[in-house]
Amino acid sequence: MSISAAFYAQAQDVSVIRNTVEVYSSTPMVGSAKFNAMAGANGALGGDANSLLTNPAGLGVAISGEVSGTLSILGNKNTSSLGGSTIDYSKTRGDLGNAGGVIAFPLMTETGWKFINIGINFSNQTLDNVIQSPGNNNIVYAFDKDDITKDAALAGHMYERYGNLSKMSFGVGANYNHNLYLGAGFNFFNASLDQYDSLFYRNLTNNSTEGFSKQDTPYSERSSGFSASLGVIGKLSPNFRVGASLETPTFWTIDRNYYFYNDPVYGDDMGAENRKFTSPLKATVSAAFVASKNFSLNVDYTLGLTKPDYKVYGGAERELNDFFKDNYKNLSEVRVGAEYRVQQFRLRGGYSYQSSPFDALTISRFNDAGSVGDQSYSNLMLSDRNTLSLGIGYDFKSFYVDASYQNISSKYSNPFMRGYMDGNFDSSYYSAKNSFQSDAYAVSDVKSNRNNFFLTLGWKF
């Protein structure tokens, strides 16, 4: 494992692996305020356009038309600790989080088919994530081994990612005798991100600080993808429902522009490349208990069935695929949500747990005292994630308004600073005057807390 983990970031920086999971293997799950209040658990309940986020068969449950729009206010706070120091970074952003609608077509036939419904859903979430790690005076680098006045200590590191991930879905659902519901959907993804990896060292003689950018950063990516989904929901009794859905891998085309430094032919310049990526196949099973028109409970379990896979154009993609083959755990997520109705009022709550995507990894790293040694991490780069949510709503019969709050928390170890030059390979850090190389990482501890608010206005017809 030590060999595997030390090898994995050789041709790619840590952010490529992080984005493979967080951006390209993830599905936007920002739905309506009702959907978010129930932690996205609606796979066996359905009834609105957000069914396209979990199980398209839920479209067939609708017996009337509906449209809605959701304003999202997303707040992200990262607390990063290293060498006894801590830095907080917070950012809040408002946006259109979700919009969708269902048109219900009753079938006036003598067969068991009651409705054919068409749905459309747009889900949008921010990719913004900033990790500002503090420095450590015990981690010292000699920029000139013959001149100690150029020795410098680690002053900090900044990982920055800005952008959006959206999913536009179109689907159809059918209702057979109000007991069996079938559905299918087509999903179109778009991702846009800009990313920076900056390292800072402070001169021990004059206290001046020098900033470095990692080779091939900053970079920007503009990507598009496509997937399809199928689903079924069945009523076992008036009070119990079960559901199942399958979403194909998302087939991504990724266009990247990046900065490079110290090339023997081109010097410092910009480059461009294109990649093809296939995300994991996902399956979801669901169960719901509907005690009456006043209370419902839903449980979803989603499992990734395959591993991330890049189309191989060279050594970089082959190395990424080898890393995911050896170290990636198929993602799983459990979501539980409930709704209770008191006349026109709606009270909702939910919880979800998503597993860590990686096995334990052993890397070479600097400890707080500045010494280098191997250490194993069970939460390197990303970790498991917990979501708690609450919501309230009021139904005006034709119109409704819903509001919800959501807290998403995780803790992980953030590796940075490793980079070196080896023949034709270069992952060093560069400033206007110097270059920096290290075979070992510095690792900060990050606590991520996301506090999100949602407001939905809807119309039933």
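Student: Which residue does Glu317 meet in a salt bridge?
Tutor: This is a predicted model. Glu317 sits in helix 4, and its partner sits in strand 11 (residues 267–278), 42 residues apart. Both residues of the pair are buried. The N to O distance is 3.1 Å, and the partner is Arg275.

Student: Why can such side chains pair at all?
Tutor: They carry opposite charge. Pairing becomes possible when their charged atoms come close.

Student: How many salt bridges are there by this rule?
Tutor: A pair counts when a side-chain nitrogen of Lys or Arg lies within 4 Å of a carboxyl oxygen of Asp or Glu. Glu317 and Arg275 pass, at 3.1 Å. By this rule the count comes to 16.

Student: Which residue forms a salt bridge with Asp300?
Tutor: Look in strand 15 (residues 332–342), since Asp300 in strand 13 (residues 295–304) is linked to a residue there, 35 residues apart. Asp300 and its partner are both buried. Their closest N and O atoms are 3.4 Å apart, and the partner is Arg335.

Student: Arg341 forms a salt bridge with Glu339. Which of the two is buried, with a relative accessible area of 5%?
Tutor: The closest N and O atoms of this pair are 3.2 Å apart. Buried means under 20% relative accessible area. Arg341 has 30%, so it is partly exposed. The buried residue, at 5%, is Glu339.

Student: Which residues are linked with Lys91 in a network of salt bridges?
Tutor: Here the salt bridges join up into a network. Besides Lys91, its members are Arg93, Asp95 and Asp128.

Student: What volume does the largest pocket have?
Tutor: Its lining includes Arg341, one of the residues closest to the pocket's centre. Lys34, Gly46, Gly47 and Lys460 are also among the closest. The volume is about 1300 Å³.

Student: Which strand gives the largest share of the lining of the largest pocket?
Tutor: The lining has 46 residues. By class, 16 are nonpolar, 17 polar and 13 charged. The largest share is four residues, and they come from strand 2 (residues 85–106).

Student: How many cavities of 30 Å³ or more does the structure hold?
Tutor: The second largest has about 130 Å³ of space. That value is over the 30 Å³ cut-off, and the structure's count is four.

Student: Which elements give two or more residues to the lining of the second largest cavity?
Tutor: This cavity is lined by 17 residues, and Asp13, Val14, Asp197, Pro415 and Phe416 lie nearest its centre. Eight lining residues are nonpolar, four polar and five charged. The elements are helix 2, strand 5 (151–176) and strand 20 (399–416).

Student: Why is helix 2 called largely enclosed?
Tutor: Val14, Ser15, Val16 and Ile17 are among its buried residues. Arg18, Asn19, Thr20 and Val21 are buried in helix 2 as well. It is largely enclosed by the rest of the structure because the buried share is eight of its nine residues.

Student: Which residues touch the most other members of the largest nonpolar core?
Tutor: This core has 32 residues. Helix 2, strand 6 (180–203), strand 10 (251–263), helix 4 (315–327) and strand 17 (361–366) each give two or more residues to the core. Another core, of 14 residues, lies apart from it, with Ile139, Phe212, Phe366 and Ala442 among its members. In the largest core, the residues asked for are Tyr24, Trp252, Phe324, Phe358 and Met381.

Student: Which residues of helix 2 does Phe358 touch?
Tutor: Leave out residues up to four places away in sequence. Phe358 then touches residues including Phe323, Phe324, Tyr328, Leu380 and Met381. From helix 2, the touched residues are Ile17 and Val21.

Student: Is Thr27 buried or exposed?
Tutor: Thr27 is found in the loop between helix 2 (14–22) and helix 3 (33–37). Its contacts beyond four places in sequence are Gln125, Lys167, Phe189, Glu247 and Lys282. Its relative accessible area is 11%, under the 20% limit, so Thr27 is buried.

Student: What separates the C-alpha atoms of Ser220 and Asp194?
Tutor: Ser220 is in strand 8 (residues 219–235). Ser220 is buried, with a relative accessible area of 15%. Beyond four places in sequence, Ser220 is in contact with Leu193, Asp194, Asp255, Arg256 and Asn257. Ser220 and Asp194 are 26 residues apart along the chain, yet their C-alpha atoms are separated by 4.3 Å.

Key: Residues are numbered from 1 along each chain as its sequence is written. This is a predicted model: local features need pLDDT of at least 70, side-chain atom pairs count only at pLDDT 80 or more; totals for chains, interfaces and linings use all residues. Side-chain values use heavy atoms; hydrogens and water are left out. On a 1 Å grid over the protein atoms alone, a cavity is a set of points where a 1.4 Å probe fits but cannot get out, and a pocket is an open set with protein on both sides within 12 Å along at least five of seven lines; lining residues have an atom within 4 Å of a point. Grid points are joined across faces, edges and corners, and a volume is the space filled by probe spheres set on the points. Ala, Val, Leu, Ile, Met, Phe, Trp, Tyr, Cys and Pro count as nonpolar, Asp, Glu, Lys and Arg as charged, and the others, Gly among them, as polar. Buried means under 20% relative accessible area, exposed over 50%, partly exposed in between (1.4 Å probe, protein chains only). Contact means heavy atoms within 4.5 Å. A nonpolar core is a set of buried Ala, Val, Leu, Ile, Met, Phe, Trp, Tyr and Cys residues joined through side-chain atoms within 4.5 Å.
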